[in-house]
Every structure is written in C-alpha cells, then in structure tokens.
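Here are some questions and answers to work through with the structure open. Try each question before reading on.

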Amino acid sequence: MLSQRLKVAIPLILVVFLVFFLPGTWGRAAFSILAAAILFTANHEGCALAGFKPLHREEILLQLYAVALIANAWTSFLPDPVLLLAFLLLAFVLQFNQKVTAASLAAVAKTLLIGVTVCWSLSFLARIFYSEVLNGPLCLAYLVVITKVADIGAYFVGTLTAKLPGGNHKLAIHVSPKKSWEGLFGGIASSIIASVLFCIFATSLKLTFPVAILLGFLAATLGLVGDLCESLLKRAASAKDSGVIPGLGGALDVVDSLLPMGIIIYYAMNWLSRSACCILDILE
C-alpha cells in the first residue's frame, strides 16, 4: 500500500513543485491549469459523494463557481463576498423550476456545502500563489510541506503505535478507525519541525519562531479536521475513496488536509507581512 502511494505521490509532488516555481506568466498559467484541474476534479468527486448526477445542474454551477474563484484570485475583478453571494443565490435559483420537496432543500444544502468546503476553501491556495506580497509560490510550498509532513508523521507514528500491546488510542473511530491520538501527536511534532526549518532557511517568508510553531501545530490539527470532514462525507456516501487515483484515492483525498490551512496561512502571512511593514516604517 505504502509503495503504491509513493510510486504515484513522488512524481506528482515533483510536478507540483516544478509548476510552483516556473517563472513569469508561463508559471502563473501552468499553475492556473493545475489548480483548475484539481478543483474541477475535487468538485466532481464532491458531487458524486453528495449523490448528484454527473454534469447535472448542481455540478455545472459548482464548476462555474470554481472558474470564477480562480479568475478572481488572479485578477481580483470582484470582491470575494460578491461571488459567494451570487453562488448562494444561484444554488436556490436552480430549484425554482423543480417540484418542491424535502430533497430540494437537501440539494441546496449539499451544493452550498461543496461550494464552501471545496471551491471556496481551495481557492485560497490560488490566492496565496498569485500574491506578490506573500512571495506566493514559496508561501504555497510552505503550506503544502508543513501540512503533508504532518500527514506523513501521523501515518508512521499511528502505524507504529497500533502494533503496540493493546494498540493505540483511537481519535474518531466511527469516522476514521485508523486515526489515533498518538498519530496526531506525531503529526504535530513533524509539522512543527518542518515549519521551524522554513523559519530558519526561508527568511523571505518573514516567519518568527513562535508563529512557525503555532502554524506547524495548526497544520497538523486543522489538517486532521479537514481529513476527518472528508472521511465523514465518504462514510455517508458508503465510499472508500473519493476518486480513482492509484494509491491516493482521489483529488479530495489528496487535498482534504489543505482545505482549512489554506485560509489560515493566507490571513496569517498577510498579517505577518503588514506587521513587518509597520515595524520598518517605525524604524525609518
């Protein structure tokens, strides 16, 4: 299982980081294609888990919302709340010409759930990448590394402690039976170490040690919450994986831990950038 994951994950990681650091307009265009592919696939998988028909009206609305969010992340042509409001209203409008039943409200709720947890949350990765203030590609690489290192640390510590006499302490047995408190602590330690190393060697991110430790802690804990949220969706849909990527499941399985942390990193790094500017102004 692990060898299959590595065979797929390592080439995928190399491609992703190559796209992150391609220079100029070509780099931005390549990232846009990659981001759109991930977001469209995650949307499609989310719609399948929600029970929507493929390429039906709900999925079309979600895919259009994804396009608008990626375009807005690049060009900032509209305030984000305007796009969110338009999406919310359209989710209701789709039901106006349908027979009104309890399923109508359920369809609206599920459309909004996917739109917020998948589309809107993932759009923050694009916002980070396109931000010149945040040194976007490096900041996004930081986010991916500390979150995925947490996943790796949690996996190995959880696997090892499960072999101890009496096993380990399960964290959410009804949602994800293999997740454990020991795995969470292993993920926290791994993520904090990775975050501190970025603080030391990637000085352009303007991280301080306390912030690096805090973000490492949040990457592991909120990343786990994102993972469990997606596991809940899969269990409700009686699905083992969200998609069919060999060894990895689906796009949602790959990005679930990034969903909450993209928002945190975007606002935290913007705050750090503004704070650094204020300190420079005072010193001058």
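**Contacts, burial and confidence**

Q: Leaving aside neighbours within four places in sequence, which residues is Arg-127 in contact with?
A: The model is a predicted one. Arg-127 lies in helix 5. Once neighbours within four places in sequence are left aside, its contacts are Ala-73, Asp-80, Trp-120, Tyr-266 and Tyr-267.

Q: Which residue's side chain is joined to that of Arg-127 by a polar contact of 3.0 Å?
A: Arg-127 has Asp-80 among its contacts. A polar contact of 3.0 Å joins the side chain of Arg-127 to that of Asp-80.

Q: Does Arg-127 count as buried or exposed?
A: A residue is buried when its relative accessible area is under 20%. Arg-127 has a relative accessibility of 15%, so it counts as buried.

Q: Which helix gives the largest share of the largest nonpolar core?
A: This core has 67 residues, and Phe-31, Leu-205, Leu-207, Ile-265 and Met-269 touch the most other members. Its largest share is 12 residues, and they come from helix 5.

Q: Which residues does Met-269 touch, not counting those up to four places away in sequence?
A: Met-269 is one of the residues that touch the most other members of the largest nonpolar core. With residues up to four places away not counted, Met-269 touches Leu-134, Cys-139, Leu-205, Leu-207 and Leu-215.

Q: Where in the chain is confidence lowest?
A: The chain averages a pLDDT of 86, and 91% of the residues score at least 70. Confidence is highest in helix 7, at a mean of 95. Where pLDDT is low, the predicted coordinates should not be read in detail. The lowest mean, 66, belongs to helix 1 (residues 2–20).

Terms used:
Residues are numbered from 1 along each chain as its sequence is written. This is a predicted model: local features need pLDDT of at least 70, side-chain atom pairs count only at pLDDT 80 or more; totals for chains, interfaces and linings use all residues. Side-chain values use heavy atoms; hydrogens and water are left out. A nonpolar core is a set of buried Ala, Val, Leu, Ile, Met, Phe, Trp, Tyr and Cys residues joined through side-chain atoms within 4.5 Å. Buried means under 20% relative accessible area, exposed over 50%, partly exposed in between (1.4 Å probe, protein chains only). Helices (H or I, at least four residues) and strands (E, at least two) are DSSP runs, numbered from the N terminus. Contact means heavy atoms within 4.5 Å. pLDDT is the predictor's confidence in each residue, from 0 to 100. A polar contact is a pair of N or O atoms within 3.5 Å; within protein, one must be able to donate a hydrogen and the other to accept it, and residues adjacent in sequence count only if both atoms are side-chain atoms.
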